[in-house]
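Here is a short report on one protein chain. Keep the structure in view as you read.

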Amino acid sequence: MSKFAKFRLNYFVSDCEKDKDIMGSVVYCIHHKEGCKWSDQLRRLKGHLQTCKYDALPCTNHCGAQIARILMDDHVRYTCIERVIKCEYCNGEMKGEAAGEEHSRTCPVEPIHCEAKCGIKIPRRMLAKHKVTECSKRLVPCRHCGRQFVADTINSHTTSCPRFPLTCPNRCEIVTIAREDLEHHIKHACHSMLTSCSFKDVGCRFKGLRGKQMDTHMEEASQQHLTLMCSMVTKQQQQIVSMKKVINNLAVNQSGTLIWKISDVLEKLEEGRHKLCGDGLELISSPFYTSQFGYKLQASVFLNGNGSGENTHVSVYIKILPGEFDALLKWSFSHTVSFTLFDQSEKPCNIVESFVPDPSWENFQRPSTQPDSLGFGFPKFVSHETLLKKRQFIKDDTIFLRIKVDPSKIVAV
Ligand SMILES: [Zn+2]
Ligand SMILES: [Zn+2]
Ligand SMILES: [Zn+2]
Ligand SMILES: [Zn+2]
Ligand SMILES: [Zn+2]
Ligand SMILES: [Zn+2]
Ligand SMILES: [Zn+2]
C-alpha cells in the first residue's frame, strides 16, 4: 500500500486538478507492516517520515548501512563496523572493528602469559622487560664459567660449577681457586700442604712443606734414600726369584706322561760311540710330575747303550728327583713305569717295556736332595739292529720316546 501511494504521488505530480484530492486521501505510513501505526493524509506522509522510527537513515557512523531510526542506537553501539570499541583493560576507545582488533593484539595493559611458560601473566608492555630480567625460564650465563643456564636451575649448577671459586682447605696464600683446579693445587702446588717424601714407597717417612723444607730434606737424606732403595731392590730380587720358580713349576709337565722327541739321532749315536772310555753320552729329559702335586721324575737315554747294553743297545732309565711335595707322598714310589719307542711307519708296531718298582728297591725310596745318578730302567731297551734296520723307529733322524707313569699297577707289554 505504501509503494502504491508513492507511485500515485509520482504519477499525478503534475495533474493539478486531481492533485488536491489525492494529497488529501488518507494513507498508512509506508512502514505500516514493520509496525508504524501512523495514518493521515498523503500530504503529511513526507513530514511523518522525517520522524518515523521505522524509516531507514544512513548510519551516523558512516559505515554505509541504511538503518531504521529505531535500530540506529543499537547498531551504532553494538553492530556497526565503524562503532566505537572500548578496551576492557586500558579503557582506550577505538573507532571501528579493524582498529579494535588491532588494539586487542597490542593493548599494552592486557595481561598475557609469558611465552617461556614460566607461569606468569603480565601486562603486555612489561613482558619484554620480564623476559630479560625476571622470567625464571630466561637463559642466564653462569658468572663463573660463562655457560648459559635456565635461571631457575643456576643455583643448583653453582654447587657443581667447575669454575666456582673455593678457598684452599689448607688456608694457604691462595685466596680462592676454581673447584676444578683445587685437587691439582692441593696435590702439586699448595705451599701449606704437608707432602710425603717422594721416597715414601721405599720407606722414607718424612713429611714436609713443599718447597724449601722438602728441598732440604732431599739434600740431607740422600744417603738414607739410597740405602732404602738398595734394600728394596734386594727384596724385589728375591720376589722375582720365587716368582720364577712358581712360573717354572707351572710350565712343568704334570700329566705323568712325557713324550720325548730326540732329534739328530745318528749324530748322537756316533758321538756316544766315540766316548768308549767314559759312560757314553747320556741324554736327559726335562723333569715331569706324575700329577700336580705328585712325584718328580726324569728320564735318561743312552743311544749307544750303557752297562750290559753298551755299544749294542739303546738304554733307557727313569729316576726320581727331589720334588716339592715329597713330604706328603707315599714312599716307596710304586707306580707302573712304561717306556715306548714309537714306530713312525704307517702301520706302527711300537716297542714297549714296563715295570712296577719293588718296594725294596733303593732307587724308589724318597730321594735326598742329591738324586741318585742313574735310576732304574732297561739297559737293553732296544738293539741297534732293530733301531736302525727294522721298521721306522727313526724318521727324519728323529725318534719319539714316551715315558708313562701310571698309578694302576698294570704292566703294559
Ligand atoms: Zn511511520
Ligand atoms: Zn554503521
Ligand atoms: Zn587496551
Ligand atoms: Zn616468563
Ligand atoms: Zn658455572
Ligand atoms: Zn693451598
Ligand atoms: Zn725422604
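## Overall shape

The chain has 12 helices and 23 strands. Its radius of gyration is 62 Å, well over the 22 Å that the globule rule gives for 413 residues, so the chain is more spread out than a compact globule. This is a predicted model.

Other values fill in the picture. Along its principal axes, the C-alpha trace spans about 185 × 75 × 40 Å. Buried residues make up 13% of the 413 residues. Now take the contacts with a separation of 6 or more: 39% of them join residues 24 or more positions apart.

## Two assigned domains

Which domains does the assignment give? Domain 1 covers residues 32-79, and domain 2 covers residues 257-406. Their C-alpha centres lie 142 Å apart.

## The annotated segments

UniProt has an unreviewed entry for this chain. It places the feature "domain: TRAF-type" at residues 48-98, 103-154 and 156-205. The annotation "zinc finger region: TRAF-type", also from an unreviewed entry, covers residues 48-98, 103-154 and 156-205.

Two of these spans can be described further. Residues 48-98 are 29% helix and 24% strand. The end C-alpha atoms of that span are 37 Å apart. Residues 103-154 are 29% helix and 23% strand. Here the end C-alpha atoms lie 38 Å apart.

## Helix 10

Helix 10 runs over residues 222-251. How does its span compare with the expected one? At 1.5 Å a residue, its 30 residues should span 44 Å, and the end C-alpha atoms are 43 Å apart, which agrees.

How many of its residues are buried? The count is zero among the 30 residues, so helix 10 is hardly covered.

## The largest nonpolar core

The largest nonpolar core holds 27 residues. Ala299, Val301, Val314 and Val316 touch the most other members. Several strands give two or more residues to this core. They are strand 17 (288-289), strand 18 (296-302), strand 19 (313-321), strand 20 (336-341), strand 22 (376-383) and strand 23 (399-406). Strand 19 gives the most, with five residues.

Look at Val301 for a close-up. What does Val301 touch, leaving out residues up to four places away in sequence? The list is Ile262, Leu283, Val314, Val316 and Leu401.

## The loop between strands 19 and 20

Ser332 lies in the loop between strand 19 and strand 20. The peptide bond from Trp331 to Ser332 is cis, with omega near 5°. Most peptide bonds are trans.

His335 also lies in the loop between strand 19 and strand 20. Is His335 buried, exposed or partly exposed? A residue is buried at 20 or more C-beta neighbours within 10 Å and exposed at 12 or fewer. His335 has 18 other C-beta atoms within 10 Å, so it is partly exposed. Not counting residues up to four places away in sequence, His335 touches Thr290, Val405, Asp406 and Pro407.

## Two residues with positive phi

Most residues other than glycine have a negative phi. Asn91 has a positive value, near 65°. Asn91 lies in the loop between strand 5 (84-86) and strand 6 (93-95). It has 8 other C-beta atoms within 10 Å, so it is exposed.

Asp396 also has a positive phi, near 55°. Where is Asp396 found? Its place is the loop between helix 12 (384-389) and strand 23. Asp396 has 9 C-beta neighbours inside 10 Å, so it counts as exposed.

## Distances from Arg138

Two C-alpha distances start at Arg138. His335 and Arg138 are 197 residues apart in sequence and 89 Å apart in space.

The other partner is Leu388, in helix 12. Leu388 and Arg138 are 250 residues apart along the chain, and their C-alpha atoms are separated by 99 Å. Why does Leu388 count as exposed? Because it has 12 other C-beta atoms within 10 Å, and the exposed class takes in residues with 12 or fewer.

Notes. Residues are numbered from 1 along each chain as its sequence is written. Chains are lettered from A and ligands numbered from 1 in the order in which they are written. This is a predicted model: local features need pLDDT of at least 70, side-chain atom pairs count only at pLDDT 80 or more; totals for chains, interfaces and linings use all residues. UniProt positions are given in the numbering used here, feature names are shortened, and annotations may be inferred rather than shown by experiment. Helices (H or I, at least four residues) and strands (E, at least two) are DSSP runs, numbered from the N terminus. Domain bounds come from an automatic or database domain assignment. The expected span of a helix is 1.5 Å times one less than its number of residues. The radius of gyration is taken over C-alpha atoms; the globule rule is 2.2 Å times the number of residues to the power 0.38. Two residues are in contact if their C-beta atoms, placed from the backbone, lie within 7 Å. A nonpolar core is a set of buried Ala, Val, Leu, Ile, Met, Phe, Trp, Tyr and Cys residues joined through C-beta atoms within 7 Å.
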